[in-house]
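Please read the following account alongside the sequence and the three-dimensional model. It is arranged as a walk through selected features, each of which can be located by residue number.

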Amino acid sequence: MIEARHLRVLRAVAATGSFSAAARELGCTQPAVSQQMKGLEASVGTTLLIRTSREMRLTQAGEVLVRHATGILSGLTAAEEEVAAIAGLRAGRVRLVSFPSGSSTLVPAALAALRAAHPGTRVSLVDAEPPRSVEMLRDGDCDVALAFRYGSTGGAEEWDDLVVRPLLTDRLVGLLPEGHRLARAAAVSIADLADESWIAGCPRCRRQLVEACENAGFTPRIDFATDDYPAVIGLVGAGLGVAFLPELAMESVLPKAARTVTVEPAVRREIVALTLPDLARVPAVAATLDQLERAASR
């Protein structure tokens, strides 16, 4: 294996024409230069320098190696500088995937703070609901996944191979048409909505809706299903049904012709930021996790 330190010595010897001159340029002793050259020739398995009493010249193999040495050493220097920049957060890239209500609430504040603190760090954002977002993380298609799970769906083992940064607990609220008989109630029991037409969200949220209703003694009649929260609100506002929505989703959408009500018993989801153990040690990823946590605490 050719070592970079050997290439630096070879290049200095070729440029200066002697071991002693190369030693002065490199700030070492002549025997050290000689030893390095012997090590390089042993690595490549051929003679690189011809030494006579009058001169020292490169062999054909030596000329080839010197020609490549400049590009190799320049590339190594560039790589060292780039890695140092990433390690010092002067540069870096983070691929973030988030579910829509997280993208519209937590992510903007976190990324604005990250850019202000580390302007050289670039972040890309893609929307995906769990479990797809978690699959993307495990498949290497992103570096950080903003995800959620309900207390009754999936145990701790669901993410046991990942680094989990808890962000917040998000309570679901009921969304009723403005003219609904319970729209102005302080709190509504899930059982009171047994005869309603329901509008469901993403598949994971849909499963949670069905489970919560069944625990209250009925199976919901789901007439509409959409992953688009504004669409859910629009359908409710048009009087086409009722829905459960996370409080986080309501932060970025202004309900029209619909009202939110507290639902009992409470249904909550845990919102977290996920990454892989090795990625958690990457400075840009760690900084992104920190900013997401700060955004969630505001």
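The paragraphs below treat confidence, one helix, the cavity, the cysteines, the backbone and a few pairs of residues in turn.

The model is predicted, and its confidence is therefore a sensible place to begin, since predicted coordinates should not be read in detail where pLDDT is low. The average pLDDT of the protein is 90, and 98% of the residues score at least 70. Which elements mark the two ends of the range of mean pLDDT? The lowest mean, 82, belongs to helix α4 (residues 60-87), whereas strand β8 (residues 197-200) has the highest, 96.

Helix α5 offers a closer view of one element. Spanning residues 100-117, helix α5 contains 18 residues. From the first C-alpha to the last, α5 reaches 25 Å, which is close to the 26 Å expected at 1.5 Å a residue. Where does α5 have a kink? The kink, of about 45°, is at V107, shortly before the proline P108. V107 is also one of the buried residues of the helix. In the early part of α5, S101, G102, S103, T105 and L106 are among the buried residues, and A110 and L114 are buried as well. As background to such a list, an α-helix has 3.6 residues a turn, so residues three or four places apart point the same way.

The interior of the protein may be considered next. Rolling a probe the size of a water molecule over the atoms shows where empty space is left. The structure holds 1 cavity of 30 Å³ or more, and the volume of the largest cavity is about 110 Å³. Its lining comprises 15 residues, and those nearest its centre are A200, G201, C205, L209 and F244. Strand β8, helix α7 (203-215), helix α8 (229-237) and strand β10 (243-246) are the elements that each give two or more residues to this lining. Strand β8 has thus already appeared above, as the element with the highest mean pLDDT.

The cysteines raise a separate point. How many disulfides does the structure hold? The number is 0. A disulfide is a covalent bond between the sulfur atoms of two cysteines. For C142, the closest cysteine sulfur is that of C202, and the separation of 17 Å is too far for a bond; the cut-off applied to a disulfide is 2.5 Å. C142 is buried, at a relative accessible area of 3%, and C202 is likewise buried, with a value of 3%.

The backbone deserves attention at three places. Most residues other than glycine have a negative phi, and most peptide bonds are trans. Against that background, the peptide bond from P130 to P131 is cis, with omega near 10°. P131 is situated in the loop that runs between β4 (121-127) and α6 (132-138). Another cis peptide bond joins E264 to P265, where omega is about -5°. The loop between β11 (258-264) and β12 (268-275) contains P265. The third place is A257, which is not a glycine and yet has a positive phi of about 60°. A257 belongs to the loop between α9 (247-250) and β11. Is A257 buried, partly exposed or exposed? With a relative accessibility of 37%, A257 counts as partly exposed.

Finally, several pairs of residues relate position in the chain to position in space. L167 lies in strand β6 (residues 163-177) and counts as buried at 12% relative accessibility. Although L167 and E270 are 103 residues apart along the chain, their C-alpha atoms are separated by 7.9 Å. F218, in the loop between α7 and β9 (221-225), is also buried, with a relative accessibility of 11%. The C-alpha atoms of F218 and A191 are 7.5 Å apart in space, and the two residues are 27 apart in sequence.

Two further pairs complete the picture. G92 is part of strand β3 (residues 92-98) and is buried, with a relative accessible area of 12%. A distance of 39 Å separates the C-alpha atoms of G92 and Q35, which are 57 residues apart along the chain. E247 is located in helix α9 and, at 40% relative accessibility, counts as partly exposed. Between the C-alpha atoms of E247 and D160, 87 residues apart along the chain, the separation is 27 Å.

How values were computed. Residues are numbered from 1 along each chain as its sequence is written. This is a predicted model: local features need pLDDT of at least 70, side-chain atom pairs count only at pLDDT 80 or more; totals for chains, interfaces and linings use all residues. Side-chain values use heavy atoms; hydrogens and water are left out. Buried means under 20% relative accessible area, exposed over 50%, partly exposed in between (1.4 Å probe, protein chains only). pLDDT is the predictor's confidence in each residue, from 0 to 100. Helices (H or I, at least four residues) and strands (E, at least two) are DSSP runs, numbered from the N terminus. The expected span of a helix is 1.5 Å times one less than its number of residues. The bend at a residue is the angle between axes fitted to the seven residues ending there and the seven starting there. On a 1 Å grid over the protein atoms alone, a cavity is a set of points where a 1.4 Å probe fits but cannot get out, and a pocket is an open set with protein on both sides within 12 Å along at least five of seven lines; lining residues have an atom within 4 Å of a point. Grid points are joined across faces, edges and corners, and a volume is the space filled by probe spheres set on the points.
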